[in-house]
Amino acid sequence: MGRTLAEKVWDEHIVRRADAEPDLLYIDLHLVHEVTSPQAFDGLRLAGRTIRRPDLTLATEDHNIPTLNIDQPIADPVSRTQVETLRRNCAEFGVRLHPLGDADQGIVHVVGPQLGLTQPGTTVVCGDSHTSTHGAFGALAFGIGTSEVEHVLATQTLTQSRLRTMAVTVQGTLPAGVSAKDMVLALIAQVGTGGGQGYVVEYRGKAIRALSMEARMTVCNMSIEWGAKAGLIAPDEVTFDYLRRRPHAPQGADWDAAVAHWRALATDDDAQYDREVVLDASALAPFVTWGTNPGQGVPLSASVPAPDAFDDLDDRAAAERALEYMALVPGTPMRAIEVDTVFVGSCTNGRIEDLRTAAAIIDGHHVADAIRMLVVPGSVRVRLQAEAEGLDVVFKAAGAEWRGAGCSMCLGMNPDTLAPGERAASTSNRNFEGRQGKGGRTHLVSPQVAAATAVLGHLGSPADLVEA
Amino acid sequence: MDRFTTLTGTAVPLRRSNVDTDQIIPSAYLKRVSRTGFEDGLFAAWRGDPHFVLNRPESAGASILVAGSDFGTGSSREHAVWALQDYGFKAVLSPRFGDIFGSNAGKAGLLAAQTDAKVVAALWDLLDRQPHAAVTVDLQARTIVAGADGDRIEDSFDIDDYTRWRLLEGLDDVAVTLSHEQDITAYEAGRPSWKPRTLPARVEAPVEAQ
């Protein structure tokens, strides 16, 4: 019987297989950041161990760092200590680090792909759940905890139990104005936050093939939000075109050998998935969340649901709690929800295409009174590219704040946070209670909806701007 | 890592599903570089509520947390496991765990016991009536036992064989893997030369080959 893409990548990385044990898998690329690594480096030191493959390891600073005044020392002493600890650890153990101020600094999941280090058929891990982003290249990529970070540093391997496979086939064509973010939010609302539990997911079908590399990263990024271990997309010409000129892409004859290998990774026609989900792209519309997990979403044209609309008692209780936290009344049209803050950025939607999309919508408009709009490039390279295209000028002219690169308001670990009770439309990936700051309220949206919302002052789409 | 065999203690009913790791420990507590001392961050946003279950006097000293489904979803932060352990929990029961949380728990020595939803509900009811009821989690036998007579609850729980073995033996994962170092070296010898390397660093776009 044939094998799926995920199974082929898995099989190529088996270092050791034994009865009644998980496989020992080789890791091609280990990405490191300041938050989940200090205790791992300490563990190495305590045991007198070294890093097995510094040449397969890359570190950057993203979670803690400010996006303003980046030439100044980090004001929060605890954050500063954590960042300085990463710098010391990288120097001591010989790890390449792109620190704040470096041209290749940025969110770890934006930096890996843009350097060309994320390649098809590789295994990629990082102490961060959004490592699933790299699956867009046909890599088997997943987040790990700090104990596993230490394990990979010491051994360049991980023990992993074999996973089940799932196909998410997205048929048809996305309507104009509907993005990859809408697609994945609609998918999560359909399957639930636990729908992917225990599966490696392969996204396929006409609508997936039609996505750009960056849009594919948006989809794979959110795999963890419905519980999947990893999400991948078979590499094709879109992938190769994106990679070809990247600094770490194979060169010359190596490139040809690599591409030949990558083409053979596609799922065999007679391969079987353990589960299949089908989605019709042509039926999708702009999608936004109303609750406190990414599965609590509806089309922008819909209203806040009533808890008793949920048959499952757990879902009903979760909806009641979410509505209380979000201070929303059932029946309120989503478009009537006013926000205080709009955040464009994160490893989900902080790449150049996302910024181009948002800039094109906001161009010629102005951010509504009393709305704070933060535009945060995912990396310094994205920022420089955007500035070369004049996007920063567009954002600033519209009244938005143009920031330095980092995780920023996605997760409340740096100065960019919501105040208690503040409400945001955010292109990030999690609307959990307190995610963007204690007491903050998050609506997950696409860059299109974010830009339109900033102008309107309430949730809306670019189409609403035309009518306004 | 300490061995885990059988645990008998009191338990806290956490009647919530989808408790993500941002709720278990908010990100503000992740800035520390230490491996211990995260107990103050555990459920920090909810601890301000005097009615929150952990704030009840009868919750003091509990070593088992009985949670709803999809416990530990979201972020990969192992700090969630450490915070539970630092607070005094040695086992968490839930019908389903977030993948990375479950894996982190096994590595750090916290038992994540996948427990039937009906058993979780029965334990919640029992603990509401008898907050000091002793609950026994036996990893060797994979069983949960609580209550007495008409209230007695006894059922099995799920945990993968490998994690169970490692917890029972209290093994250091890295040492186990390094005992297979010759397999790693042999694998590395066969890796294609075009696989990416981070060193030496290449940061500028390369000149196209003619």
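Before I speak of one residue standing opposite another, let me say that two strands count as paired if DSSP finds at least two bridges between them. With that in hand, and bearing in mind that this is a predicted model, I would like to go through strands in chain A and then in chain B.

In chain A, I begin with β3, residues 29-32, which pairs with β6 in the parallel sense over three bridges, and within this pairing His30(A) stands opposite Val125(A) in β6(A). Strand β6(A) also pairs with β7, residues 140-143 of chain A, again in the parallel sense, this time over four bridges, and here the bridge partner of Val124(A) is Ala141(A) in β7(A). As for burial, β6(A), which spans residues 123-126, is covered on both faces, since Thr123(A) and Val125(A) on one side are buried, as are Val124(A) and Cys126(A) on the other.

Turning to chain B, we find an open sheet of four strands, in the order β2-β3-β4-β5, with parallel pairing. Because β2, residues 11-14, and β5, residues 111-114, stand at the edges of this sheet in chain B and have a single partner strand each, one side of each is left without a neighbour in the sheet. On average, and with direction ignored, neighbouring strands of this sheet are turned by 20° against each other.

What joins the edge strand β2(B) to β3(B), residues 64-67 of chain B? Four bridges do, and the two strands run parallel; to give one residue pair, Pro13(B) has Val66(B) in β3(B) as its bridge partner.

Notes: Residues numbered from 1 in each chain as written. Chains lettered and ligands numbered in written order. Predicted model: local features only at pLDDT ≥ 70, side-chain atom pairs only at ≥ 80, totals over all residues. Axes fitted to C-alpha atoms, helices over the stretch in contact; angles between N-to-C directions. Buried ≥ 20, exposed ≤ 12 C-beta atoms within 10 Å, placed from the backbone.
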